[in-house]
Amino acid sequence: MFNCDIASVDLTPLPILPSEVATDSSPLSAKNVTDKNLLGIPEWLAQINDDISRSLERGTNIRQLVAARACAIDSLLIALFKWFELDKTDLAFFATGGYGRGELSLYSDIDILLLSPGEIGADASSKIDKLVALLWDIGLEPALSVRSVNDALEAALDHTIASAQLEARLLIGNETLQDMPAQIVNKQWSPRAFFDVKMEESKARYLQHNATEYNLEPNIKTAPGGLRDIHIIGWVTKRYFRVSKLYDLVQQNFLTEKEFDELSFAEGYLWQIRHYLHVLTGRNENKLLFDYQREIAQLMGYETQPDDQPNAAVERFMRDYYRCAMQISTLSEMLTNHYYETIIEPQLPDDERPKKQPINARFNRIGNQIAIAHHRVFAQHPESILEMFLLMGQHGIDKVRTHTLRALKIAARGIDQIYRDNPTHKALFLSNLKEQNYLFHRLRTMNRYGVLGNYIPAFAQVTGLMQYDLFHRYTVDAHTLFLIRILHRFTDPTFHEEFPLVSSIFQRIERKEILVLAAMFHDIAKGRGGDHSELGQTESIEFCLSHGMSLADANLVGWLTRYHLLMSITAQKKDISDPEVVTIFSDLIGNVTHLNHLYVLTVADMNATNPQLWNSWRATLMKQLYSQTRRILRADIDAPTNRQDMISATRKQALTMLDNVNNQHMNRDEVLRLWDDLGDEYFLREIAEDILWHTEAILNHPPIGLASNADSPPLVVLREHRELALDAVQVFVYTQDQMNLFAVTMAVFDQMNLDVLDARIITATRDFALDSYVLLDPSGTLLVDEDSQQELKQRLIDSFKDPTVLKLTNKRMPRQLKHFEVKTVINFEFNEASDQHILSLETLDQPGLLARVGQVFLQEQIEVHAARITTLGERAEDMFYISDQNDKPLSPDRLEALKAALLASLTVQKEHNSVIYF
């Protein structure tokens, strides 16, 4: 039972209440309440919060402090219960929920229950109303329930209320009702029913947080690995063991001392974070947002070292948080399963109980779980640690019995260099990677229970390691295991439609462990400084050779580790419609074996980095680069190896698609004549599907399609586009080419609050612009609102008529972006094929970015001929093909002037949540 033993915490005592009781004429009556006559209680509440914060700064254990605040609130509520003479009724006053456990952070919910043996009379009801009013007036904001026993019986059918009642602690009042809340729960819920409903609740809660401990802005209470995972252990066990504290489970031999210590340490860490969240926000805040992460890291003692990167301190803080979260979720999962196996399972009917089947002398199969045959298996046969995981794959088992997991956790601590050097152990580990069945599940269990980090110490260093940005959504270890999971999806028919080409390639690769090893090592050197790809290459080759792999296989793993970013960088940041770019890439790849492995690894890596990163656009880029490179490497005589060949191939594909659709409204000769006018650049940069859409739109717009002249009205058409985002809109503009077209278009998009996801700017041979944009409409109305569509079209047409009028809107900086610093980097590269400069821009993604860039282009008299827009988290990485307004290359002086103007324009000061440009 919770006891108020807080002698070590110096809290300001509760002000003494007046001796008179709370009548209608007393100072604390509802009608007389003012800020001046609340007897200093609001000030006292603020003071005890300050006392607690100062005690934490002095080093007082957070566990004592959350208990101290609960005790302080106890004293207040008991005094007020007496003040309103509720102690003269038959009511019992309970603390419930977290308050019942004696755990209150500064602004935690105050859950209380007034329980009556029968119906509550008018006099008692009036006193309760006055008590509740006062609690709100003093700022306590209680979550108060007033129930009779019969009401409580009915309410307890709601499992969330039942959980709170299990924590009920009598503060004052009718002592005959002291055990009633728990008795009510026991009456309404059987152990199995309560367990089942709490597990379903936990599953739903996990799904609300992406079923991972590694969210960028985690909720430290409800997310996987949060405080709720500890609470659920208490709820399911208290229902059966009738205990009031978690430590009581140690005395019941359900929980070991070490497990209790691990839970207590992790819980204290989360409580400390929660304390600072409440201090910074002044409310019951549980989301560890970017807004608070850096400051809380500092408050908790994480300091930047002299050689650190700018985000090193906050990354160390979040690494420790993620490790705590993983520890909590692992123990919660294990202990709730242990409860099921030891309490629920023995009571099941024979036909529902899992059957035991021997696998070998060391392991049994029990239902869909594996179990050691006796408690000394790992001690007597150390190789069985790795053997168990191999057997799981071979026998299609993805779960482990909890007594085996406990033994495994202890045994994993014995994995040292001697263990790692044992040839039998090396062979078993490599066999595990070759066995593809349930590989992700097996490696995940290895990681959670210490096997993987002890066998590969470098992997332990990246466990919980995050990068403080919006692009990398997972910690390094979670990303690595997710990558391996996606590799397995390439063999699953369910995902074949999503990954058709890469799935067929992966299934033809015989030595799949090559890719698994490359996946495990590709990011293993992150966080050490230097090039993680080069460091990973060295370590991966050493690991492979030490495990008996051939030099050729080891070098392939090392090469994949070294160049795992090459293909994605080339596809996204280079102009792969330029044959020279593809040729250079092909020379770096060297052979088709390298290409096949790298393509599979890159697709899996991109999907495992950020679920929002992979889309049809990137898939098309990757497939295009793969196909062109493969043809070159195979010396395919039919491969398009120059610009004209690539143009012909695209036109041929578009014609084939044209012949396969209902095209009665499009004359083939007219189509071919139009295509001849559109120019080479168009067919180098557009895909066949978009070419057909553009062609139909142009031919249905006769002034342009058939007899274009300088007076032809612009063509603006829209359609749904779900490749880059679910609510994206594709806009195609076909108009007489003119100066400043890009700047004008960007300004219109900015004025209508439309975000540009992709842009293709092309000039046809007859001086017509063919510009295609993919936009994101935050309001989600552009596709369904004809008025909005017409407004966009009209604004564009009007702006084309008067391109000098550019009014940019001031916009608020999104909350998340405020917390990141991205250095603006501008580079120029001359492209001989197009006789243009390529401007590469890396900067902080920000509202109105492209409109701001377009304004600079307008001021500097720059023409944009093509653009590639890429947003990676908080970072924008855009590329523009530019010239002067006479289509001539820019001089060095003009390039420097353009660079200076862009740097000046994109300098952002973040104040009051808005973007201020200088």
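Angles under 35 degrees count as roughly parallel, over 145 as roughly antiparallel, 65 to 115 as roughly perpendicular, and the rest as oblique. Keep that scale in mind for the first stop, and remember throughout that this is a predicted model.

**Stop 1: a pair of helices**

Select residues 159-166, which make up helix 6, and then add residues 180-188, which are helix 7. Their axes come within 8 Å and cross at roughly 140 degrees. Helix 6 and helix 7 are therefore oblique to each other. Turn the view until one helix lies in front of the other: helix 6 passes helix 7 in a left-handed crossing.

Now show the side chains where the two helices touch. On the helix 6 side, pick Ala162, Gln165 and Leu166; facing them in helix 7 are Pro181, Ala182, Ile184 and Val185. What kinds of residue make up this contact: nonpolar, polar or charged? The contact divides into 6 nonpolar residues, 1 polar and no charged.

**Stop 2: a sheet in the order 3-2-1-4**

Next, bring up an open sheet of 4 strands, ordered 3-2-1-4 with mixed pairing. Strand 3 and strand 4 (169-173) stand at the edges, each with a single partner strand, so one side of each is left without a neighbour in the sheet. Look along the sheet and you can follow its twist, which averages 25 degrees from one strand to the next.

Strand 2, residues 110-116, is a good one to colour on its own. It is mostly covered, with 6 of its 7 residues buried. On one hand, strand 2 runs antiparallel to strand 1 (residues 92-95), and 4 bridges join them. To find this pairing, select Ala95, which stands opposite Ile112 in strand 2. On the other hand, strand 2 pairs with strand 3 (residues 142-148) in the parallel sense, over 7 bridges. Here, select Ser116 and look across to its bridge partner in strand 3, Ser148.

**Stop 3: a second sheet, with a helix packed on it**

Move along the chain to another open sheet, again described as mixed: its 4 strands come in the order 5-6-7-8. Which strands stand at the edges? They are strand 5 (356-358) and strand 8 (399-400); each has a single partner strand, so one side of each is left without a neighbour in the sheet. Strand 5 pairs with strand 6 (residues 363-366) in the antiparallel sense over 3 bridges. A handy pair to label is Lys356 and, opposite it in strand 6, Ile366.

Then switch on residues 402-412. This is helix 16, which packs on the sheet and touches strand 7 (369-372) and strand 8. The direction of helix 16 makes about 55 degrees with that of strand 7.

**Stop 4: Ile584**

Jump to Ile584, in helix 28 (residues 579-589). Its relative accessible area is 47%, which makes Ile584 partly exposed. Add Thr629 to the selection: although 45 residues separate it from Ile584 along the chain, their C-alpha atoms are separated by 9.6 Å.

**Stop 5: Thr870**

Finish at Thr870, in the loop between strand 15 (862-868) and strand 16 (871-872). Is Thr870 buried or exposed? With 4% relative accessibility, Thr870 counts as buried. To see what surrounds Thr870, leave aside its neighbours within four places in sequence and select its other contacts: Gln572, Trp617, Arg618, Arg875, Ala876, Glu877 and Asp878.

Conventions. Residues are numbered from 1 along each chain as its sequence is written. This is a predicted model: local features need pLDDT of at least 70, side-chain atom pairs count only at pLDDT 80 or more; totals for chains, interfaces and linings use all residues. Side-chain values use heavy atoms; hydrogens and water are left out. Axes are lines fitted to C-alpha atoms, for helices over the stretch in contact, and angles run from 0 to 180 degrees between N-to-C directions. A crossing is left-handed if the near helix is turned anticlockwise from the far one by less than a right angle, and right-handed if clockwise. Contact means heavy atoms within 4.5 Å. Ala, Val, Leu, Ile, Met, Phe, Trp, Tyr, Cys and Pro count as nonpolar, Asp, Glu, Lys and Arg as charged, and the others, Gly among them, as polar. Two strands pair if DSSP finds at least two bridges between them. Buried means under 20% relative accessible area, exposed over 50%, partly exposed in between (1.4 Å probe, protein chains only).
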